[in-house]
Amino acid sequence: MEIHGKTAIVTGAASGIGAAIATELAAHGVSVVIGDLDEAGAHTTASTINAAGGAAIALRADAAEIADIEGLITLAAREFAPVDIYVANAGIIGKPGLGTESDWDTILDVNLRAHVRAARLLMPHWQSRGSGYFVSVASAAGLLTQLGAAGYAVTKHAAVGFAEWLAITYGDDGVGVSCVCPLGVDTPLLQAVRSTEDPDARLGAASIEQSAGVIGAADVAAVTVEAILADRFLVLPHPELLEMYRHKGGDYDRWINGMRRYQRTLRTL
C-alpha cells in the first residue's frame, strides 16, 4: 500500500505505542488525526508531529464511543481527506484477576467493541471505493495469554479474532488489515502495572518483562508501518513470539502445564 498523502486516525495516541505509530505514519507523509481521552497529551503528540514538518490534528475522544469515533472521522475529512487508515490502538490492562461485571463491560468496550464500532462505520465506505486499511493493536496476550488478568487476555484474544475476520471478509474488496501483537513495550501502561500493589497485577508485569526483552514504542511503530506498506496481517515486534505461538499450537496441554510452572516461578520471586 502506498501511504504517502493518505489520511489516518490513531486512537490512544497521546503517548506510548499510539503516539509512536502516529509519528511514524507522519514521517511517511500521512496526515494524522490523534484521538485520546488525554486531551493535553493528544495535542502534544500533534504539536510534535507538526513541529517536525508533518501534518496532525488532535481531538479528545473516547475510542469506545460511537459518537467520538464519528467525530474523529468527520474531523479527518474536514481537515485532511476521508480516512484511509484507522489504527485501533487505544487499550487498557483492566482489573487483575477475574474482575467484576462492570470491569468486564469496561475492558470489552475499550479493547474489543471499539474496534467493532470503528469497523462498522468505516467498512461500507472502504468497500465502495475499493481501498482502506485497518490496524488492530492487540498484544502477544491475544496469541498466548496474560497471567494475572483474565479480562486483558480474553479481550486481546477477541481483538485478534476480530482482525482475522475483517481480513478474511473484506480482503477481496481491497481492504487491508494488520494485527499488531507485541510482548513487553516500555509504555505508560506497563509502567502503571509495574507500580501497582496488587499481587496479580505484579505477576502480570513480571511475566511480560521476563518473557522477552522490553522494547520501545518506536520499535513497534516501525514494524507496524512496514506491515501496512507490505499489506501483512500478523505483526510481531518481538520475533521470538512466533516460536512461542508455534509451541502453544503444537501441544496445547504441554503449553498450559508450562505456563502453570512459569506462574509458580513468578509467584516465588
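Visitor: In which helix does K248 lie?
Guide: Residues are numbered from 1 along each chain as its sequence is written, and side-chain values use heavy atoms, with hydrogens and water left out. The model is predicted: local features need pLDDT of at least 70, side-chain atom pairs count only at pLDDT 80 or more, and totals for chains, interfaces and linings use all residues. Helices are DSSP runs of H or I, at least four residues, numbered from the N terminus. The run 240-250 holds K248 and is helix α9.

Visitor: How far from K248 is the nearest side chain of opposite charge?
Guide: K248 is buried (under 20% relative accessible area; exposed is over 50%, partly exposed in between; 1.4 Å probe, protein chains only). Lys and Arg count as positive, Asp and Glu as negative, while His and the chain ends are not counted. A salt bridge needs a side-chain nitrogen of Lys or Arg within 4 Å of a carboxyl oxygen of Asp or Glu. K248 has none, and the nearest candidate, E164, is away by 10 Å.

Visitor: Which residues does K248 touch, not counting residues up to four places away in sequence?
Guide: Contact means heavy atoms within 4.5 Å. By that count K248 touches L143, L144, H157 and W255.

Visitor: Why is the pair of Y252 and W255 stacked or edge-to-face?
Guide: Rings of Phe, Tyr and Trp (its six-membered ring) pair if their centres lie within 6.5 Å; planes under 30 degrees apart count as stacked, over 60 as edge-to-face and the rest as tilted. The centres of Y252 and W255 are 6.0 Å apart and the planes stand at 85°, so the pair is edge-to-face.

Conventions: Helix = DSSP H or I, 4+ residues; strand = E, 2+ residues; numbered from the N terminus.
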